[in-house]
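Here are my notes for you, as numbered points to read alongside the model. Keep the viewer open as you go.

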Amino acid sequence: MPLQYPFSAVLGCEAEDLDDMGLALVLTTIAPEIGGVLVRGEKGTAKSTTVRALAAVLPPVDVYAEDRFSIDPSDPSAASPDGPFAADASVETRPVRLVELPVGATEDRVLGSLHLERALSQGKVEYEPGLLARAHRGILYVDEVNLLHDHLVDLLLDAAAMGRVTIERDGVSVEHAARFVLIGTMNPEEGELRPQLLDRFGLTVEVAAPREPALRAEVVRRRMAFDVDAPTFTDRYRSLDRALTQRISDARDHLPKVRLTDIALLKIAEICAAFEVDGLRADIVTARTAVAHAAWQGRDEVTRADIRRAALLSLPHRRRRNPFDAPGLDEDLLDQLLGDDELPPEPPEGPSDPEFDESDLGPESSEDSGPSDPPLGPESREDSGPSAGTTVAAEAAYRPRLLTVDGLGEGAAGRRSRALSRSGRRVGATRGDSGSLHLVETLMAAAGQQPLRERTTSRVELRAEDLRVAVREGREANLVLFCVDASGSMAARKRMTQVKTAVLSLLMDAYRRRDKVGLITFRGAEAELVLPPTHSVEIAARRLDELPAGGRTPLATGLLEAATVLQRERLRDPRLRPLLVVVTDGRATDGADAVARSIKAAEYVAGLRVTTVVIDGEGGPLRLGLAVRLAEVLGAEHLPVAEVTAEALTGSVRRGVA
């Protein structure tokens, strides 16, 4: 097994000076109930290297030699599907496992499934453990977690929170422990996690490469030394890693002894309320993290410093914000809420009045602290609220109607168009040896062949050609290519504001549905691919916000540029089906033959057989209906810009019913 890069060498510091990433990883190994760590950062910042090095510094675990589920032999309440085990069963000590979950993993691989070989050869129904069982009491690592299918991320986070997995499928009923440290890494440039999933991670840290030349040179120096002589380099940091292992073990033992006082808990609740986080998960995670940090520091009671470090790790990704805003936390507001002094001790227990005492809130309510600060309402923290730095169009965005690609695709899992997928409802079965077994169809296929087979027993004889796997229909992600008219006719009468709001709303919808997006604009005499197709929807939103308007309308040029992009993307990924959204009033004005050229370009795009929607930006009492004609030539759906909103669709349906 190749040597891993030492954890201490990655951190580049003593245990007392851990950076946010190192501290978050250590705290969640001390208290896995925190819920895992999400590491966000640009490429080349040693995210994966740090996570893989972490496993080597964790204390080893004792397991039964014959147990595939790695339960703790010293825990009398632990139960394994492979058990029960005798009192003299063989016990072995092994290092903590680092289980990596690939982005393309199936639900069967994660949860486990029927052991197909034994089912077919021996007729036995036996459960084959998945990655969650293997990760019990270890680390489950997902690189590029933002590219993992949403239903798998939900499944992982549920297992991490509950500590158990229950499987009821394919004739198998199994429940086993799955208590692991969940660590995900991602590059925000490749697309964000949905806020609902982001909230499920206990802690989140942002990492970036150092800007100081001396630090960068030291990183390169260490990496080159490791590549030249890994054993010698690893030995150099062995003592630091061993000290870190011992400190983690001591912190785990000390964790149950740490006291979280009522005053500290009230302070945590006050902080979470002030930052307007939704729900109570933030309060729970912050409290658990503060206790773990106190145990790490060897303290018997949670202090102000513990709460501050916990809040910086657990709250930035939970504050209420717009979908395209980067996570962050106002540290000045946090310090103001915590106060300058240490938390006061709890009053001694006695027959005193149990009513709430305002003095428990901290030093700011004491007589010596001077005048109290004004309440922290929205008006007193303008810079920390969700609307800071956002545009009017972003605030006015609405829930748009669902635009889908025609037919049935086979693309990557998403939330937009119908597609055959590994998840979703079962709609049939087909012959194959990969995927979810369709047991009934397999037995039916075998039953018809039994008279032709020479059986020696009464048992049904199964062969490989009998195997049937389920055909499932779910939803796929698509390429949503926006082709936006930014000419002078669209800028008139504030139409561009309405158009930007509609397109931004559709971008937010693409963000939630995990689509890939691209943005083309056309004005003056040319069309420009402002944003090549990408999963980073927030970049598209910024490009849209900066979009200038004015000049003639080169409609034909814009359509031909869209055709070029669509053809190029089709070659790159034939399974990624596109949805072309043309936003224009249809007034081609770049020359005497502009209308004829735009019709010819539209016919060319129609020949690509791409699902297209024309959003009509024409307004005012005098309407020429040119966008309607364009939609007819494109074979596209025509949608006035005012009807992009889902509420407009609901209203039209209601009027139709009436």
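1. Glu 618 is a good place to begin: in this predicted model, its relative accessible area is 5%, so Glu 618 counts as buried. The side chain of Glu 618 meets that of Arg 587 in a salt bridge, with 3.2 Å from N to O. This pair links distant parts of the chain, the two residues being 31 apart. Arg 587 lies in the loop between strand E18 (578-584) and helix H22 (594-606), while Glu 618 lies in the loop between strand E19 (611-616) and helix H23 (626-634).

2. Arg 587 has another partner to look at. Asp 585 also forms a salt bridge with Arg 587, and here the closest N and O atoms are 4.0 Å apart. If you filter on distance, please note that the cut-off for a salt bridge is 4 Å. As for exposure, Asp 585 is buried at 0% relative accessibility, whereas Arg 587 is partly exposed at 22%. The boundary that matters here is 20%, because buried means under 20% relative accessible area.

3. Which residue forms a salt bridge with Glu 218? The partner is Arg 221, and the closest N and O atoms of the pair are 2.5 Å apart. Both residues sit in helix H9 (residues 213-228), and because they are three residues apart, about one helical turn separates them. An α-helix has 3.6 residues a turn, so residues three or four places apart point the same way. Glu 218 is partly exposed, with 28% relative accessibility.

4. Salt bridges also join into a network, which links Arg 416, Asp 509, Arg 513 and Asp 515. The structure holds 29 salt bridges. Side chains of opposite charge can pair when their charged atoms come close.

5. Now for a histidine. His 176 belongs to strand E9 (residues 172-177) and is buried, with a relative accessible area of 0%. Leaving aside residues up to four places away in sequence, His 176 touches Phe 69, Pro 81, Tyr 127, Leu 132, Ala 133, Arg 164, Val 165 and Ile 167. If you plan to assign a protonation state to His 176, that list gives you the residues it touches.

6. Next, a sheet. Five strands make up an open sheet with parallel pairing, in the order E4-E7-E10-E1-E11. At its edges are strand E4 (98-100) and strand E11 (203-207), each of which pairs on one side only. On average, neighbouring strands of this sheet are turned by 20 degrees against each other, direction ignored. Strand E1 (residues 37-41) pairs with E11 in the parallel sense over five bridges, and Val 37 stands opposite Leu 203 in E11.

7. Is helix H2 (residues 20-30) mostly covered or mostly uncovered? H2 is mostly covered, since ten of its eleven residues fall under the 20% limit for buried. Among the buried residues of H2 are Met 21, Leu 23, Leu 25, Val 26, Leu 27 and Ile 30, and also Thr 28 and Thr 29.

8. Finally, the overall numbers. The protein has 658 residues, of which 50% count as buried, and its secondary structure comes to 24 helices and 20 strands. The exposed area is about 32200 Å², with 51% of it supplied by carbon and sulfur atoms. Of the contacts between residues at least 6 apart in sequence, 78% join residues at least 24 apart.

Notes
Residues are numbered from 1 along each chain as its sequence is written. This is a predicted model: local features need pLDDT of at least 70, side-chain atom pairs count only at pLDDT 80 or more; totals for chains, interfaces and linings use all residues. Side-chain values use heavy atoms; hydrogens and water are left out. Two strands pair if DSSP finds at least two bridges between them. Helices (H or I, at least four residues) and strands (E, at least two) are DSSP runs, numbered from the N terminus. Axes are lines fitted to C-alpha atoms, for helices over the stretch in contact, and angles run from 0 to 180 degrees between N-to-C directions. Buried means under 20% relative accessible area, exposed over 50%, partly exposed in between (1.4 Å probe, protein chains only). Contact means heavy atoms within 4.5 Å. Accessible areas come from the Shrake-Rupley method with a 1.4 Å probe; for residues, only the protein chains shown count as cover.
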